[in-house]
Amino acid sequence: MNEPVIDLTAISAVVFATDGVVTDTARGHAAAWKHVFDAFLRGRSTPFDIRDDYLRHVDGRPRLDGIRTFLAARGLTVPEGSPDDEPGAPTVHGLGLAKDRLFVEQVDKYGVAAFPSTVALLHELRRRGCRTAAVSASLHGRKLVGSAGVMHLFDLMVDGNDAALMNLPGTPDPALFTEAARRLDLPAVKVAVVVSALPGVEAGEKGGFGLVVALGENGELRARGAHLVLPDLGELSVRGRVLPLTT
């Protein structure tokens, strides 16, 4: 599939990853991770790469899983610790608390913006009868989408709070996207997913979704299973409309 189009005769719903697809928060997450990891890595390993390390090891994963995955990639381990750890302590929980505090401070100070091209696509999809959902591994997923003023453009959202309650793993496992499809009462083959990183692409491919759209310019995205790779959702058009169910 090469033409950048969503064909609504085949697709009945689109599930969007939140960070870097709906909200311009991926950079804030990545910057917060770099600040925390670089302080920890000093004298232990090379600095955190704000693009490659973030997209490969952290993006789309629950916060603590991201820490474990990134440190394992560097051959490092730290104790698990507990939620009562001091933010910044050399434990999984301590590093996670430091990152969370820094990110929330940034959101409270600067706010959250939605990408205009994504908002335009959401309006067009819904105008044509297509259902929409958002997913995020972040515990702040609903807060971010709400702060960006776009919650009304989604039929539902699955975020880190749902994941914690239901014990759903983050990407590259498809669980978050699969749960969204289940709540939409649709099989995966009738659902498109829109993601911005390799773990999200892998989740879409593993989940058997009908269309996997990846934002970026990395050739590896297509090699890992993305059907469409675009630098911006403004290049994605919509064809047809979803026909209402008949009884």
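1. A residue is called buried when its relative accessible area is under 20%, and by that cut-off Phe 70, at 0% relative accessibility, counts as buried in this predicted model. Phe 48, at 2% relative accessibility, counts as buried for the corresponding reason, and Phe 37 is likewise buried. These residues are a convenient place to begin, since Trp 33, Phe 37, Phe 48 and Phe 70 form one aromatic cluster.

2. How many aromatic pairs are there? The count for the model comes to six aromatic pairs, among them the pair of Phe 37 and Phe 70, which is tilted, with 4.5 Å from centre to centre and 45 degrees between the planes. Because Phe 37 belongs to helix α1 (residues 26-41) while Phe 70 belongs to helix α3 (residues 63-73), this pair ties together parts of the chain that are 33 residues apart in sequence.

3. Phe 70 also pairs with Phe 48, and here the ring centres are 5.0 Å apart and the planes stand at 75 degrees, so the pair is classed as edge-to-face. The elements involved are the loop between α1 and α2 (52-58), where Phe 48 lies, and helix α3, where Phe 70 lies, so that this pair ties together parts 22 residues apart in sequence. Phe 70 is thus a member of a tilted pair with Phe 37 and of an edge-to-face pair with Phe 48.

4. Two arrangements of a charged side chain and a ring deserve a separate remark. Arg 44 lies over the face of Phe 40, at 4.1 Å from the ring centre, and the charged end of Lys 99 sits over the ring of Phe 103, with 4.6 Å to the centre of that ring.

5. Lys 99 reappears in the packing of helices, being one of the residues through which α4 makes contact with α3. Helix α3 and helix α4 (residues 92-110) pack at an angle of about 115 degrees, their axes being 9 Å apart, and the crossing of α3 and α4 is right-handed. On the side of α3 the contact is made by Arg 63, Leu 64, Ile 67, Arg 68 and Leu 71, and on the side of α4 by Val 92, His 93, Leu 95, Gly 96, Lys 99 and Asp 100. What is the character of the residues in the contact of α3 with α4? They divide into five nonpolar, two polar and four charged.

6. Asp 100, found in helix α4, may be examined individually, because its relative accessible area of 17% classes it as buried. When residues up to four places away in sequence are not counted, Asp 100 touches Arg 63 and His 140, and Arg 63 is one of the residues by which α3 contributes to the contact with α4.

7. Is Ala 72 of helix α3 buried or exposed? At 53% relative accessibility, Ala 72 counts as exposed, whereas Phe 70, also in helix α3, is buried at 0%. The C-alpha atoms of Ala 72 and His 57 are separated by 9.5 Å, the two residues being 15 residues apart along the chain.

8. Some backbone features should be checked with care, since most residues other than glycine have a negative phi, and most peptide bonds are trans. A cis peptide bond joins Thr 171 and Pro 172, with omega of about 15 degrees, and Pro 172 is found in the loop between α7 (160-166) and α8 (175-183). The loop between α7 and α8 also holds Asn 167, whose phi is near 60 degrees, a positive value in a residue other than glycine. Asn 167 is exposed, with a relative accessible area of 67%.

9. Asp 185 likewise has a positive phi, of about 60 degrees, although it is not a glycine, and this residue lies in the loop between α8 and β5 (191-195). At 67% relative accessibility Asp 185 counts as exposed, while Leu 184, placed in the loop between α8 and β5, is buried, with a relative accessible area of 2%.

10. Which residues does Leu 184 touch, not counting residues up to four places away in sequence? They are Ala 13, Val 15, Arg 131, Ala 133, Asp 155 and Leu 156. For Leu 156 a distance is also available: the C-alpha atoms of Leu 184 and Leu 156 are separated by 8.2 Å, with the two residues 28 residues apart along the chain.

Terms used
Residues are numbered from 1 along each chain as its sequence is written. This is a predicted model: local features need pLDDT of at least 70, side-chain atom pairs count only at pLDDT 80 or more; totals for chains, interfaces and linings use all residues. Side-chain values use heavy atoms; hydrogens and water are left out. Rings of Phe, Tyr and Trp (its six-membered ring) pair if their centres lie within 6.5 Å; planes under 30 degrees apart count as stacked, over 60 as edge-to-face and the rest as tilted. Helices (H or I, at least four residues) and strands (E, at least two) are DSSP runs, numbered from the N terminus. Buried means under 20% relative accessible area, exposed over 50%, partly exposed in between (1.4 Å probe, protein chains only). A charge sits over a ring if NZ of Lys or CZ of Arg is within 6 Å of the ring centre and within 35 degrees of the ring normal. Axes are lines fitted to C-alpha atoms, for helices over the stretch in contact, and angles run from 0 to 180 degrees between N-to-C directions. A crossing is left-handed if the near helix is turned anticlockwise from the far one by less than a right angle, and right-handed if clockwise. Contact means heavy atoms within 4.5 Å. Ala, Val, Leu, Ile, Met, Phe, Trp, Tyr, Cys and Pro count as nonpolar, Asp, Glu, Lys and Arg as charged, and the others, Gly among them, as polar.
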